[in-house]
Amino acid sequence: MPQDARTTSPDRPMRADARRNYDRILAAATSAIAQDGAEASLEEIARRAGVGSATLHRHFPTRQALLEAVFRGKVETLCAAADDLATDPDPEHALVTWLRSVVTHAASNRGLAAALLRGAQDGDPTLGATCHAMIVDAGERLLSPARAANAVRPEISIIDLLTLANAIALATEQEPEGAARADRLLDLALRGMSP
């Protein structure tokens with residue numbers, strides 16, 4: 001199992017200051033990728049995080065490692081959102097709200113998925129499958145109650161909905177206001193053209 005950048009050794013967690021630096025770098029990278037795409041400058045990311053380039057590279061020895069951490073963090077956030085929405089008394093609302101989060105997530109990736117694929121041989125070989133399974137499981141936890149409430153046709157699968165959401169996001173991710181346009185297109189797809 002590859003060593004996680006969030007620990008200094010397999011058994012010992014990071015010191016508090018190292019953890020703060022790691023979190024600041026990750027937040028700055030997430031913001032920079034949403035703004036400039038997956039090729040965002042590592043020097044700019046370090047500057048935004050308030051750390052030196054050496055500190056960035058100590059936590060993330062390669063661009064691929066940083067991109068993987070950003071992607072993993074976004075997926076974990078999506079899954080946590082699904083868990084929060086699972087308590088919504090309106091299962092259709094919960095599912096649609098989560099699908100909007102999926103579209104926003106994917107539209108803000110700005111080339112992240114393609115960059116991860118290009119560097120896959122240098123990264124975590126299980127990342128794609130693990131994250132895909134996490135998202136499918138999270139979505140299924142929301143789709144099942146919506147289906148049971150007759151809010152979704154029985155033949156619609158979570159893969160159908162995720163494919164739709166990702167296609168919309170892919171079509172809009174390079175636009176300056178891509179997330180807003182993607183949300184509008186998702187609404188159109190889910191609600192139809194009726195006023």
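This report describes the helices, the nonpolar core, the salt bridges and the cysteines of one predicted protein model.

Because the model is predicted, local features need pLDDT of at least 70 and side-chain atom pairs count only at pLDDT 80 or more, whereas totals for chains, interfaces and linings use all residues. Residues are numbered from 1 along each chain as its sequence is written, and side-chain values use heavy atoms, with hydrogens and water left out.

## Overall build

The protein has nine helices and zero strands, where helices (H or I, at least four residues) and strands (E, at least two) are DSSP runs numbered from the N terminus. Read along the sequence, the pattern is therefore α-α-α-α-α-α-α-α-α. Of the 195 residues in the protein, 39% are buried; buried means under 20% relative accessible area, exposed means over 50%, and partly exposed lies in between, with a 1.4 Å probe and protein chains only. Among contacts (heavy atoms within 4.5 Å) between residues at least 6 apart in sequence, 70% join residues at least 24 apart.

## The nonpolar core

In soluble globular proteins, nonpolar side chains tend to be buried together. A nonpolar core is a set of buried Ala, Val, Leu, Ile, Met, Phe, Trp, Tyr and Cys residues joined through side-chain atoms within 4.5 Å. The largest such core here has 57 residues, and those with the most contacts inside it are Ile 25, Ile 45, Leu 95 and Trp 98. Two or more residues each are given to this core by helices H1 (16–36), H2 (42–49), H4 (63–85), H5 (91–107), H6 (112–118), H7 (127–148), H8 (158–172) and H9 (178–191). The largest share, ten residues, comes from H4.

Which residues does Ile 45 touch, not counting residues up to four places away in sequence? They are Ile 25, Ala 28, Ala 29, Ala 32, Ala 40, Leu 56 and Leu 66.

## Helix H7 and the cysteines

For helix H7, 22 residues at 1.5 Å a residue should span 32 Å, and the end C-alpha atoms are indeed 32 Å apart; the expected span is 1.5 Å times one less than the number of residues. The buried residues of H7 are Leu 127, Cys 131, Ile 135, Val 136, Ala 138, Gly 139, Leu 142, Leu 143 and Ala 146, and what covers them includes H4, H5, H6 and H8. Just after H7, Asn 150 takes a positive phi of about 60 degrees.

A disulfide is a covalent bond between the sulfur atoms of two cysteines, and the cut-off used for one is a pair of cysteine sulfur atoms within 2.5 Å. A search of the whole structure finds zero disulfides. The sulfur of Cys 79 is 8.1 Å from the closest cysteine sulfur, that of Cys 131, which is too far for a bond. Cys 79 is buried at 10% relative accessibility, and Cys 131 is buried with a relative accessible area of 3%.

## Salt bridges

Twelve salt bridges are found in a search of the whole structure, each being a side-chain nitrogen of Lys or Arg within 4 Å of a carboxyl oxygen of Asp or Glu. Three of the pairs are set out below.

| Pair | Closest N to O | Relative accessibility |
|---|---|---|
| Arg 15 and Asp 17 | 3.0 Å | Arg 15 57%, Asp 17 34% |
| Arg 19 and Asp 23 | 2.8 Å | Arg 19 29%, Asp 23 36% |
| Arg 48 and Glu 44 | 3.3 Å | Arg 48 28%, Glu 44 25% |

Arg 15 counts as exposed, whereas Asp 17 counts as partly exposed. Arg 19 and Asp 23 are four residues apart in helix H1, so about one helical turn separates them. Arg 48 and Glu 44 both lie in helix H2, also four residues apart, about one turn of the helix. In addition, Glu 92, Arg 100, Asp 183, Asp 187 and Arg 191 are linked in a network of salt bridges.

## The annotated region and Asn 21

UniProt, in an unreviewed entry, places the feature "DNA-binding region" at residues 41–60; such positions are given in the numbering used here, feature names are shortened, and annotations may be inferred rather than shown by experiment. The end C-alpha atoms of residues 41–60 lie 14 Å apart, and the span is 75% helix and 0% strand.

Asn 21 has its place in helix H1 and is buried, with a relative accessible area of 19%. Leaving aside neighbours within four places in sequence, Asn 21 is in contact with Val 51, Thr 55 and His 59.
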